[in-house]
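Me: I would like to learn how to read burial, sheet order and helix packing from a set of coordinates. Could we go through these features one by one?

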Amino acid sequence: MAGKGFLFYLLFAFFASLFPSVLSRTFSHAPKTTLLNVSASIQKTLDVLSFDPETIQTLQQQEQSTQSSSSFSLQLYSRDSLRKSPHKDYKALTLARLERDSARVRSLNIKLNLAINGIKKSDLKPIQSIEGFEVKSGDLETPISSGISHGSGEYFSRLAIGTPSKSFYMVLDTGSDVNWLQCAPCTDCYQQDDPIFVPSSSSSYAPLSCDSQQCKSLDESECRSGSCRYQVSYGDGSYTTGDFATETLTFANSAPIHNIALGCGHDNEGLFVGAAGLMGLGGGSLSFPSQFKSSSFSYCLVNRDSSSSSTLQFGSAQPPDAVTTPLLRSRRINTFYYVGITGLSVGGELLSIPSSYFEMDASGNGGVIIDSGTSVTRLKTEVYNALRDAFVKGTKNLKPTHGIAIFDTCYDLSSKTSVAVPTVAFHFPGGKSLPLPAKNYLVPVDSSGTVCFAFAPTSSALSIIGNIQQQGTRVNFDLANLVVGFSSNKC
Ligand SMILES: *[C@@H]1O[C@H](CO)[C@@H](O)[C@H](O)[C@H]1NC(C)=O
């Protein structure tokens with residue numbers, strides 16, 4: 001009997017060891033290597049630091065001529081294209097970006113934990129009265145750190161609000177739903193580039209009553225003499241609060257859209273880098289796509305270091321060449337866009353990671369969301385380690401150098417103009433794969449040729465596909481058919 005058991009064990013061990021490698025050779029169609037243009041990356045790090053603010057004028061003029069037919073679109077800009085960088089060098093800029101990014105990830109996880117544990121934010125103490133760290137219901141920690149913005153301000157659009165309409169820079173955020181902008185009179189407004197919105201000078205401004213559906217849909221609301229007050233707290237100390245109202249929005253070449261619910265924020269705390277407010281692109285009922293009843297929306301995030309712009313489109317069709325994956329919804333939180341991921345490959349070889357590492361469980365933990373405001377893709381530690389190890393194995397010819405902040409895998413490419421590196425690809429149900437351009441996973445961290453592998457491990461259950469990995473790719477959220485499509489080079 002014992003001999004037979006041992007034989008079975010041997011057979012099992014043999015197949016178990018054989019199978020992952022058989023799978024990897026059979027299923028991955030991604031190219032083995034991809035070229036990284038080191039000179040071009042270095043040049044962009046210099047460009048972003050020497051950006052000329054006059055470019056903004058040009059961008060605003062471009063916006064006037066945006067073409068759209070049945071669907072409508074807005075120009076989309078990266079954060080650092082809007083203003084002269086306050087950082088003395090690219091390394092300082094990188095460190096600031098990574099700090100913001102960690103705040104962003106914390107903020108998304110706090111939001112998710114509140115939803116999973118069924119805690120309404122209105123049950124919590126008002127966030128502005130708290131200093132330092134505060135432990136709230138459950139053991140949810142809310143770090144309050146003045147000086148670090150809630151990290152959603154990575155990409156912006158310009159939106160025309162009110163009657164007569166005025167244009168404002170708005171942060172685009174797929175990780176939240178409530179739209180808001182800073183409003184006069186200000187109890188507390190941070191500095192913004194455009195003049196503050198004055199509700200009394202817009203004929204289409206209308207406060208919402210407490211029994212309106214929109215008011216009832218808010219997570220945090222309050223009734224004050226019959227009018228609806230809103231609050232949005234981002235989990236890191238930044239928040240906005242004020243009157244919940246409806247307004248008219250105007251898009252180039254399309255009829256104005258009336259009665260869009262948005263927060264008129266009289267008290268706003270946080271550094272939203274000059275934006276007047278935020279455009280919620282999440283899946284909840286108060287987000288822009290939901291209020292427009294858009295069947296779809298899409299964006300193409302331009303390179304963070306480039307001053308070029310792209311578009312945010314509503315009602316746009318899925319490009320025929322898009323690589324698609326199911327858009328999954330959580331029963332716990334309707335804001336986040338979860339996507340179906342089956343695996344990752346490096347150099348054309350699928351990593352042997354059980355697909356359960358990418359799946360959401362019954363309690364709403366786990367899964368992979370796609371987010372516009374997170375920069376660096378976060379993967380569960382086991383997944384990240386497998387990915388990193390495979391990448392390191394495939395780059396033995398490159399000179400390693402020390403890590404920086406959340407990046408533990410960096411290379412000194414100062415002597416190179418371009419290098420071939422193993423292709424990293426996401427794999428989706430149905431055998432589809434999305435090979436990433438090399439610049440979407442090897443990012444410069446200074447201007448002298450140090451690049452780092454731009455993925456990071458997370459100890460939380462939630463994985464996030466960040467905007468570095470989405471750069472230059474049109475991401476189409478087909479809300480009607482629950483499909484996310486990725487089209488390379490469609491900015
Ligand atoms: C790298 O990019 C530069 C532009 O910055 C271009 O002139 C050069 O041809 C590119 N090199 C390769 C190998 O593609």
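Me: How many residues does the protein have, and what percentage of them count as buried?
Reply: In this predicted model, the protein has 491 residues, of which 56% count as buried. Its accessible surface comes to about 20400 Å², with 55% of that area belonging to carbon and sulfur atoms.

Me: Is Asn467 buried or exposed?
Reply: A residue counts as buried when its relative accessible area is under 20%. Asn467 has 0% relative accessibility and therefore counts as buried. Asn467 is placed in helix α8, which covers residues 467-470, and, leaving aside neighbours within four places in sequence, its contacts include Glu154, Tyr155, Leu301, Arg304 and Asp371.

Me: How should I read the strand order of an open sheet, and which strands stand at the edges?
Reply: In general, the strands of a sheet pair through backbone hydrogen bonds, in either a parallel or an antiparallel manner. Here an open sheet of four strands follows the order β19-β18-β25-β26, with antiparallel pairing. Strands β19 (349-350) and β26 (432-435) stand at the edges, and because each has a single partner strand, one side of each is left without a neighbour in the sheet.

Me: How many bridges join β18 to β25, and what lies across these two strands?
Reply: Four bridges join β18 (residues 343-346) to β25 (residues 424-428), the two strands running antiparallel, and Leu344 stands opposite Phe426 in β25. Helix α7, residues 381-393, lies across β18 and β25 and runs at about 15° to β18.

Notes
Residues numbered from 1 in each chain as written. Predicted model: local features only at pLDDT ≥ 70, side-chain atom pairs only at ≥ 80, totals over all residues. Heavy atoms only, no water. Buried < 20%, exposed > 50% of the residue type's maximum accessible area, 1.4 Å probe, protein only. Contact = heavy atoms within 4.5 Å. Areas by Shrake-Rupley, 256 points an atom, 1.4 Å probe, with all protein chains shown as cover. Pairing = 2+ DSSP bridges. Axes fitted to C-alpha atoms, helices over the stretch in contact; angles between N-to-C directions.
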